[in-house]
Amino acid sequence: LSLIVPDPRRTAIGTADTNTAILFFSRRPEREGLNKRFVRQDHAKNQRVAEAFYDHARQAVAESGLPVVEVDDTQQRGSDFGARLANAFADAFAAGYDRVIAVGNDCPTLHEVDWTGVVTQLAADRPVLGPTPDREGAYLIGLTRAQFDRAAFATLPWRSSELVPALRSHLEAAVGGRPVRLTPRADVNGHGDLMRLLRGASAPPALAERLRHVLGDAFRTHQAEQRGATRPVLKRRSRAPPSPRPGSHT
């Protein structure tokens with residue numbers, strides 16, 4: 001486990017003795033670039049895009065004011081994603097934290113999360129779930145020590161369309177009530193997601209500028225293709241003479 005120390009000037013949420021931590025569960029950019037295809041047929045640009053998302057997410061959690069426990073792919077343990085995430089949660093609790101908020105590195109609006117609100121809900125023993133808009137994934141999972149069942153958590157249907165309903169049911173069983181649901185936020189898992197992010201208005205300006213700089217001509221070409229695909233097709237008017245009406249004489 002590695003610890004990202006919060007800025008000491010930010011004391012609204014976290015202090016040196018806080019018992020809530022963010023679990024930054026991520027892959028190193030060089031590994032992320034091998035698993036996701038943000039840029040087709042250009043490994044160097046693909047990795048630079050992965051670096052941009054990693055740096056943005058890492059800065060977002062570092063500025064939260066909470067201590068951040070970072071667990072990257074070199075530190076993760078387990079035979080599959082569920083086991084690795086469950087082990088990371090268990091290690092964070094073993095480090096002495098009573099409340100843990102897990103996030104990844106692929107949510108471009110992670111900096112907009114209301115960390116104070118998440119901490120408040122967890123302090124009231126309510127688990128917190130941040131779903132993606134398609135409701136097939138989660139960008140944030142907040143649990144208390146008492147709500148965490150390592151074995152059950154590890155065997156949830158991770159990386160499937162059944163995850164969020166199963167996770168919600170699991171948390172409902174753990175606390176006897178529904179988890180707090182945050183505003184849905186999109187994640188970026190490939191080329192299509194990346195293009196939608198840059199075409200929309202939700203991308204943070206600094207991140208969007210960096211991504212466009214990395215993509216260069218590739219993004220401009222994509223924009224041109226999109227304009228061509230959406231341009232209305234004009235129907236040519238027939239140059240043939242009009243057909244005579246029935247009963248008319250020529």
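## Report on a predicted structure: Asn19, Gln76, strand E4 and the largest pocket

Leaving aside residues up to four places away in sequence, Asn19 touches Tyr97, Asp98 and Arg99. The model described here is predicted. Asn19 belongs to the loop between strand E1 (2–4) and strand E2 (20–25). Its relative accessibility is 25%, so Asn19 counts as partly exposed. The side chain of Asn19 also forms a polar contact with the side chain of Arg99. Leu66 lies 47 residues from Asn19 along the chain, and the C-alpha atoms of the two are separated by 9.3 Å.

A second loop residue, Gln76, is located between strand E3 (68–71) and H3. Gln76 has a relative accessibility of 16% and therefore counts as buried, the cut-off being under 20%. Residues up to four places away in sequence not being counted, Gln76 touches Phe25, Ser26, Val71 and Arg84. The side chain of Gln76 also reaches the backbone oxygen of Ser26.

The distances for these two side chains are set out below.

| Side chain | Partner | Distance |
|---|---|---|
| Asn19 | side chain of Arg99 | 2.7 Å |
| Gln76 | backbone oxygen of Ser26 | 2.8 Å |

Arg99, the polar partner of Asn19, leads to strand E4 (99–103). Five of the five residues of E4 are buried, so this strand is largely enclosed by the rest of the structure. In a regular strand, side chains alternate between the two faces of the sheet. From E4, Arg99, Ile101 and Val103 point one way, while Val100 and Ala102 point the other way.

Strand E4 pairs with E2 and with E6. E2 and E4 run parallel and are joined by five bridges; Thr20 has Arg99 as its bridge partner in E4. The pairing of E4 with E6 is antiparallel and also spans five bridges. Here Ala102 stands opposite Ile141 of E6.

Strands E4 and E6 are also concerned in the largest pocket. This pocket has a volume of about 820 Å³. Its lining consists of 31 residues, and those nearest its centre are Phe81, Asp106, Ala138, Arg159 and Asn189. Two or more lining residues come from each of helix H1 (29–35), helix H3 (81–94), strand E4 (99–103) and strand E6 (138–144). Which element gives the most to this lining? That element is E6, with four residues. Sorted by class, the lining holds 12 nonpolar, nine polar and 10 charged residues.

Note on methods:
Residues are numbered from 1 along each chain as its sequence is written. This is a predicted model: local features need pLDDT of at least 70, side-chain atom pairs count only at pLDDT 80 or more; totals for chains, interfaces and linings use all residues. Side-chain values use heavy atoms; hydrogens and water are left out. On a 1 Å grid over the protein atoms alone, a cavity is a set of points where a 1.4 Å probe fits but cannot get out, and a pocket is an open set with protein on both sides within 12 Å along at least five of seven lines; lining residues have an atom within 4 Å of a point. Grid points are joined across faces, edges and corners, and a volume is the space filled by probe spheres set on the points. Ala, Val, Leu, Ile, Met, Phe, Trp, Tyr, Cys and Pro count as nonpolar, Asp, Glu, Lys and Arg as charged, and the others, Gly among them, as polar. Buried means under 20% relative accessible area, exposed over 50%, partly exposed in between (1.4 Å probe, protein chains only). Contact means heavy atoms within 4.5 Å. A polar contact is a pair of N or O atoms within 3.5 Å; within protein, one must be able to donate a hydrogen and the other to accept it, and residues adjacent in sequence count only if both atoms are side-chain atoms. Two strands pair if DSSP finds at least two bridges between them.
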